[in-house]
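Please work through the following exercises with the sequence and the coordinates open side by side. Each task is followed by a solution in steps.

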Amino acid sequence: MVTDQIADYLTRIRNAVAAKHKVVEVPSSNMKKEITKILYNKGYILSYKFVDEGVSKTIKIALKYHPETKASAIQSLERISKPGLRKYANSKSIPRVINGLGIAILSTSSGIITDKEARQLNVGGEVICYVS
């Protein structure tokens with residue numbers, strides 16, 4: 001039994017990028033689906049597919065690499081708020097990742113959104129992870 005599902009999700013992606021895999025398969029949940037959609041919309045992953053076959057629901061994620069240098073679009077994935085220590089930020093103190101080059105993913109009352117969207121909506125929430 002994994003206690004932190006989001007940390008497991010990020011670690012599977014991180015390990016697949018380090019091993020230069022093209023596709024990674026992770027167990028599905030609503031929060032993971034929303035994070036996957038954000039990663040796709042921001043250009044960090046190539047594509048994704050939600051597979052609902054019987055009992056096991058999974059997400060298949062196609063990772064994105066540069067065609068010539070073979071460098072991954074995801075340079076780092078860092079879990080911020082953990083089950084043992086939750087990290088929250090109000091609308092004025094939302095962190096900037098690499099001075100705006102990366103994204104922070106937040107869980108807010110408006111749903112799972114990026115740091116830029118949270119600043120525009122003027123909402124704060126739990127800082128889930130940083131992506132760059």
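The exercises below concern a predicted model.

**Exercise 1. The three-stranded sheet**

Determine the strand order of the open sheet formed by three strands, and state which strands lie at its edges.

Solution.
- Step 1. The order is β1-β3-β2, with antiparallel pairing.
- Step 2. β1 (23-27) and β2 (45-53) each pair on one side only, and are therefore the edge strands under the criterion that a pair needs at least two bridges.
- Step 3. From one strand to the next, the twist averages 20 degrees.
- Step 4. Between β2 and β3 (residues 56-63), which run antiparallel, there are eight bridges. Within this pairing, Glu53 stands opposite Ser56 in β3.

**Exercise 2. Helices against the strands**

Identify the strands across which helix α1 lies, and those that helix α2 touches.

Solution.
- Step 1. Helix α1 (residues 5-18) lies across β1 and β3, and runs at about 165 degrees to β1.
- Step 2. Helix α2 (residues 30-41) packs on the sheet and touches β1, β2 and β3. The direction of α2 makes about 155 degrees with that of β2.
- Step 3. The twelve residues of α2 reach 17 Å from the first C-alpha to the last, close to the 16 Å expected at 1.5 Å a residue.
- Step 4. The buried residues of α2 are Lys32, Lys33, Ile35, Thr36, Ile38 and Leu39. In an α-helix there are 3.6 residues a turn, so residues three or four places apart point the same way.
- Step 5. Just after α2, Gly43 has a positive phi of about 85 degrees.

**Exercise 3. The nonpolar cores**

Name the residues with the most contacts inside the largest nonpolar core, and the element that gives the most to this core.

Solution.
- Step 1. The largest nonpolar core has 24 residues, and Ile13, Ile61 and Ile105 have the most contacts inside it.
- Step 2. At least two residues of this core come from each of α1, β1, α2, β3, β6 (103-108) and β8 (125-131).
- Step 3. With six residues, α1 gives the most to this core.
- Step 4. Leaving out residues up to four places away in sequence, the contacts of Ile61 include Tyr9, Ile13, Val23, Val24, Thr36 and Ile45.
- Step 5. A second, separate core has ten residues, among them Ile80, Ala104, Val123 and Val127.

**Exercise 4. Positive phi outside glycine**

Locate Asn99 and Asn122, and decide whether Asn99 is buried or exposed.

Solution.
- Step 1. Most residues other than glycine have a negative phi.
- Step 2. Asn99, although not a glycine, has a positive phi of about 55 degrees. Asn99 is found in the loop between β5 (88-89) and β6.
- Step 3. The relative accessibility of Asn99 is 68%, so this residue counts as exposed, the cut-off being over 50%.
- Step 4. Asn122 also has a positive phi, near 60 degrees. Asn122 lies in the loop between α3 (115-121) and β8.

**Exercise 5. The surroundings of Ser132**

Establish whether Ser132 is buried or exposed, and which side chain makes a polar contact with the side chain of Ser132.

Solution.
- Step 1. Ser132 belongs to the segment after β8.
- Step 2. Its relative accessible area is 14%; because buried means under 20%, Ser132 is buried.
- Step 3. The side chains of Ser132 and Ser76 make a polar contact (2.6 Å).
- Step 4. Apart from neighbours within four places in sequence, Ser132 is in contact with Tyr44, Ala73, Ile74, Gln75, Ser76, Val97, Ile98 and Gly102.

Terms used
Residues numbered from 1 in each chain as written. Predicted model: local features only at pLDDT ≥ 70, side-chain atom pairs only at ≥ 80, totals over all residues. Heavy atoms only, no water. Helix = DSSP H or I, 4+ residues; strand = E, 2+ residues; numbered from the N terminus. Axes fitted to C-alpha atoms, helices over the stretch in contact; angles between N-to-C directions. Contact = heavy atoms within 4.5 Å. Core = buried A, V, L, I, M, F, W, Y, C linked by side-chain atoms within 4.5 Å. Buried < 20%, exposed > 50% of the residue type's maximum accessible area, 1.4 Å probe, protein only. Polar contact = N/O pair within 3.5 Å; in protein donor to acceptor, adjacent residues only side chain to side chain. Expected span 1.5 Å × (residues − 1).
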